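Take the structure from its overall make-up to its individual residues. Begin with the terms, then follow the chain into its interior and out to its loops.

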Amino acid sequence: MSRAIETGLTSLFLLAAAAVPAGASTIFFFSTGNPDGLIATLSRPASAGKIQTETADDFVLAQATTISSATFTGLLPLGTPLTDVNDIEIELYHVFPLDSVDPPSGNVLTRVNSPSDHEFLAFDSNAGDVSFTPGIVSPNFSVLNSVVNGIHPIPNQFTGGEGGLTGEEVQFNILFTTPFTLPAGHYFFRPEVGLTSGDFLWLSAPKPIVSPGTPFAPDLQSWIRNDDLAPDWSRIGADITNQGPFNAAFSMSGDTAVPEPSSYLLIGIGLALMLTACRPVRSRS
């Protein structure tokens with residue numbers, strides 16, 4: 001192979017390599033849609049005289065995705081100033097039996113398709129992991145049912161709920177200080193809101209998901225637990241109220257990495273040409 005050809009092929013290879021990006025990206029957005037007014041369920045961190053209570057709902061990622069922001073919508077007590085919000089905690093869970101004791105305790109009817117015993121990611125606004133902006137959607141929003149204190153192990157899991165209530169509908173816009181990447185998979189999203197007084201209740205969303213939500217399968221139902229029931233979870237609709245099943249109102253956004261096939265084709269051609277040119281030429285006898 002002549003020096004000129006070798007130099008030319010080397011240049012082609014370097015140009016092709018330089019053309020391969022780390023990966024283009026496409027916008028990712030998922031939403032369960034708008035609140036449907038069917039139920040509101042407690043989701044708060046522990047505080048003086050109050051035990052932690054968690055509500056979680058699921059989402060699916062079809063490919064590796066970087067999450068940078070989220071929203072969730074719920075009720076504050078009527079007339080609550082938004083300045084009374086003093087903490088936001090976000091946790092992510094795998095689907096049971098990951099991160100869990102298996103077989104489970106038997107304190108609930110089932111753990112199939114529930115969140116795991118333990119979270120695998122946690123974010124706290126007081127630690128600087130997230131920033132949040134609350135906004136009032138409606139100063140007066142009513143739901144037909146609620147779950148606040150009626151969270152018990154079997155055989156007392158069914159309470160029917162604690163009745164309808166009215167509150168201030170608020171959407172929380174969450175920005176993760178450091179966006180995080182999750183592989184393709186099935187996960188649960190769990191937000192909590194701390195208040196100087198009163199409680200935050202997460203609003204339900206239609207199940208199955210309807211526009212402007214983004215349907216996915218399998219779409220699991222929302223679950224709830226408090227510190228007395230943990231590490232187990234109960235299904236809000238199927239176990240506690242015999243209604244539903246329910247989704248919860250939230251969204252997530254970010255981007256997904258997409259490879260550039262044309263660039264990989266270019267570098268492949270360059271390599272093939274180099275290999276061809278470097279083959280020894282047999283002399284004819």
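Strands here are DSSP runs of E of at least two residues, numbered from the N terminus. The model is a predicted one. V193 lies in one of these runs, strand β10.

Start with the whole protein. It has three helices and 15 strands. Of its 285 residues, 45% are buried. The accessible surface comes to about 13,600 Å². Carbon and sulfur atoms account for 59% of that surface. Now look at the contacts between residues at least 6 apart in sequence. Of these, 84% join residues at least 24 apart.

V193 gives a local view of such contacts. The cut-off for buried is under 20% relative accessible area. V193 has 1%, so it counts as buried. Its partners, leaving aside neighbours within four places in sequence, include S43, R44 and P45. F72, V85, D87 and I88 are also among them, as are F172 and F200. Take P45 from that list. V193 and P45 are 148 residues apart in sequence, yet their C-alpha atoms are 6.8 Å apart in space.

Stay with β10 and turn to the aromatic rings. What describes a pair of aromatic rings? The distance of the centres and the angle of the planes do. The protein has 16 aromatic pairs. One of them joins F120 and Y187. Their ring centres are 5.7 Å apart, with 45° between the planes. The pair is classed as tilted. Why does this pair tie together parts that are 67 residues apart in sequence? F120 lies in the loop between β5 (85–93) and β6 (121–124), whereas Y187 sits in strand β10 (residues 185–195), so the pair bridges that separation. The two residues have their own levels of exposure. F120 is partly exposed, at 25% relative accessibility. Y187 is buried, at 4%.

Ring pairs also build a cluster. F120 and Y187 belong to it, together with F30, F59, F72, F172, F189, F200, W202, F216 and F250. F72, F172 and F200 also touch V193.

W202 leads on to the empty space inside. Which elements give two or more residues to the lining of the largest cavity? First, the cavity itself. The count comes to one cavity of 30 Å³ or more. The largest cavity has a volume of about 40 Å³. Its lining consists of I39, T41, T55, W202, L203, S204, S222, I236, F246, N247 and A248. The elements that give two or more of these residues are β2 (39–42), β11 (201–205) and β14 (247–248). The largest share, three residues, comes from β11. By class, the lining has six nonpolar and five polar residues. It has no charged residues.

Next, move to the loop between β8 (145–147) and β9 (165–182). Q157 is found there, and so is G150. Are these two residues buried or exposed? Q157 is buried, with a relative accessible area of 13%. G150 is buried as well, with 6%. Set aside residues up to four places away in sequence. Q157 then touches L109, H152, D239 and I240. G150 touches T159, E162 and I240. I240 thus appears in both sets of contacts. G150 also has a C-alpha separation of 9.9 Å from R225, 75 residues apart along the chain.

Finish with the backbone. The peptide bond from D102 to P103 is cis, with omega near 10°. P103 lies in the loop between β5 and β6. N113 is in that loop too. Its phi is near 65°, a positive value in a residue other than glycine. N113 is partly exposed, with a relative accessible area of 38%.

The loop between α2 (236–241) and β14 holds P245. The bond from G244 to P245 is cis, with omega near 5°. N242 is found in this loop as well. Phi of N242 is near 55°, again a positive value in a residue other than glycine. The cut-off for exposed is over 50%. N242 has 53% relative accessibility, so it counts as exposed.

Note on methods:
Residues are numbered from 1 along each chain as its sequence is written. This is a predicted model: local features need pLDDT of at least 70, side-chain atom pairs count only at pLDDT 80 or more; totals for chains, interfaces and linings use all residues. Side-chain values use heavy atoms; hydrogens and water are left out. Helices (H or I, at least four residues) and strands (E, at least two) are DSSP runs, numbered from the N terminus. Buried means under 20% relative accessible area, exposed over 50%, partly exposed in between (1.4 Å probe, protein chains only). Contact means heavy atoms within 4.5 Å. Accessible areas come from the Shrake-Rupley method with a 1.4 Å probe; for residues, only the protein chains shown count as cover. On a 1 Å grid over the protein atoms alone, a cavity is a set of points where a 1.4 Å probe fits but cannot get out, and a pocket is an open set with protein on both sides within 12 Å along at least five of seven lines; lining residues have an atom within 4 Å of a point. Grid points are joined across faces, edges and corners, and a volume is the space filled by probe spheres set on the points. Ala, Val, Leu, Ile, Met, Phe, Trp, Tyr, Cys and Pro count as nonpolar, Asp, Glu, Lys and Arg as charged, and the others, Gly among them, as polar. Rings of Phe, Tyr and Trp (its six-membered ring) pair if their centres lie within 6.5 Å; planes under 30 degrees apart count as stacked, over 60 as edge-to-face and the rest as tilted.
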